[in-house]
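Open the model in a viewer and keep the sequence at hand. The stops below each give a selection and then what is there.

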Amino acid sequence: KNPQPLNVALRVRPPAVPLAPKPLFIPPAPESQTERKSSKGSKFWASVGAAPVGFDPQVRLGGSVAALASAATTTNSFQNSSIGRGSLGAPVAESQPALSYRVGGRVGWQMSDHWSLESGVEYLNGQSTLQSGLVLVNRATNQATSLFAEALSNKTTGAALDMAYNVDSLAAQNSFVPTDNQLRSTYQYVSVPVQVGYRLWPESRMEALLSAGFAGDVFLSNTLQPTGASNLSAVRYAPADDVYRQLLWSGLGSLGLRYRLDTNWGLGLNGTFRRALTSGVQNSSGVQTFPREVGVGLRVDYRF
């Protein structure tokens, strides 16, 4: 009865795609691989550190000191003394290490996964004690001088050590007093080390580093300060006095452990050993020193 056309709209719904089930555990991204790539890409680094060390100048007496001691043994007071003597007849002078410190900064280059090259600038404040058994007292001024200080200032020239004049003049001006005395020695050096290192476990968070090399130690000063009840005066030696070598060569080695805090920062624990290759005192003096140092320190580094 109703001739109007029918208006029918059809809607076709696409079949529903089932969602993938959500996993119970999503593994994190392989962080170690990311850090490993960053570590391999870090070719240079810079570090700062500080270390308490045991510093021993290892004093050796001879030459003029032997002549002084020989003159001292001719006095009655010294002949009756029970102070120990060395093979040359000189009173025993023994140096012992004291707590010291070394601070500085370094830069390094990672040549390969295992090999590295490192250098920098460091400052050493080396403390030690020196025990001596002979004091020289000036008869005119009544000023006392230790055997060690007198030996440092008593220089000779040439290969032949003509000590007759020096000993006779010292014996005429001074009295040789056999008494124990202790000096506090404070050395100051600025060092430039150069070391080649071999890195163990380079791809782990904890790595080890074995290194060896040499260092040029520039002498700044040495101060001899008497300790205890003593009438000795403090003496300070500078490079201009031409007593100590201005440049001392030393061999060094170290073993370190480094913990990687993140992709750039690291914290290291280093044990070091250092030994002088040449005497720290000029050859013309009656004293020789071969400084030796052992220490353990902390270092913070940043890899670029």
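Colour the predicted model by pLDDT first: the mean for the protein is 78, and 67% of the residues reach 70 or more. Select residues 76-92, where the pLDDT is below 50. Beyond near neighbours in sequence, the model gives this stretch 37 contacts. Next take residues 156-165, which also stay under 50 in pLDDT. For residues 156-165 the model has seven contacts beyond four places in sequence. Where pLDDT is low, the predicted coordinates should not be read in detail.

**The sheet 6-5-7**

Select strand 5 (residues 135-138), strand 6 (residues 144-146) and strand 7 (residues 174-177). These form an open sheet of three strands in the order 6-5-7, with antiparallel pairing. Strand 6 and strand 7 are at the edges with a single partner strand each, so one side of each has no neighbour in the sheet. On average, neighbouring strands of this sheet are turned by 25° against each other, direction ignored.

Stay on strand 5 and show its side chains. In a regular strand the side chains alternate between the two faces of the sheet. Val135 and Val137 point one way from strand 5, while Leu136 and Asn138 point the other way. Are these residues buried or exposed? All four of them, Val135, Leu136, Val137 and Asn138, are buried.

Now check the pairing on both sides of strand 5. Three bridges join strand 5 to strand 6, and four join strand 5 to strand 7. Valine 135 is a useful residue to centre on: opposite it stand serine 146 in strand 6 and valine 177 in strand 7. Move to asparagine 138, and its opposite residue in strand 7 is asparagine 174.

Follow the chain from strand 5 to strand 6. The two strands form a hairpin with five residues between them, and asparagine 142 in this hairpin has a positive phi near 60°.

**Two more positive phi values**

Select glutamine 58, in the loop between strand 1 (44-56) and strand 2 (59-61). The phi of glutamine 58 is near 50°, a positive value in a residue other than glycine. Glutamine 58 counts as buried because its relative accessibility is 18%, against a cut-off of under 20%.

Then go to tryptophan 201, in the loop between strand 8 (181-200) and strand 9 (206-226). Tryptophan 201 is not a glycine either, yet its phi is positive at about 55°.

**Strands 9, 11 and 12**

Keep strand 9 on display and add strand 11 (residues 247-260). Strand 9 and strand 11 run antiparallel and are joined by 13 bridges. One pair to label is glutamate 207 with arginine 258 in strand 11, which stand opposite each other.

Add strand 12 (residues 265-276), which pairs with strand 11 in the antiparallel sense over 11 bridges. Glycine 251 has arginine 275 in strand 12 as its bridge partner. Strand 11 and strand 12 also form a hairpin, with four residues between them.

The last selection is arginine 260, which is found in strand 11. How does its accessibility class come out, buried or exposed? Arginine 260 counts as buried, because its relative accessibility is 7%. Show serine 204 as well: its backbone oxygen lies 3.0 Å from a polar atom of the side chain of arginine 260.

Note on methods. Residues are numbered from 1 along each chain as its sequence is written. This is a predicted model: local features need pLDDT of at least 70, side-chain atom pairs count only at pLDDT 80 or more; totals for chains, interfaces and linings use all residues. Side-chain values use heavy atoms; hydrogens and water are left out. pLDDT is the predictor's confidence in each residue, from 0 to 100. Contact means heavy atoms within 4.5 Å. Buried means under 20% relative accessible area, exposed over 50%, partly exposed in between (1.4 Å probe, protein chains only). A polar contact is a pair of N or O atoms within 3.5 Å; within protein, one must be able to donate a hydrogen and the other to accept it, and residues adjacent in sequence count only if both atoms are side-chain atoms. Two strands pair if DSSP finds at least two bridges between them. Axes are lines fitted to C-alpha atoms, for helices over the stretch in contact, and angles run from 0 to 180 degrees between N-to-C directions.
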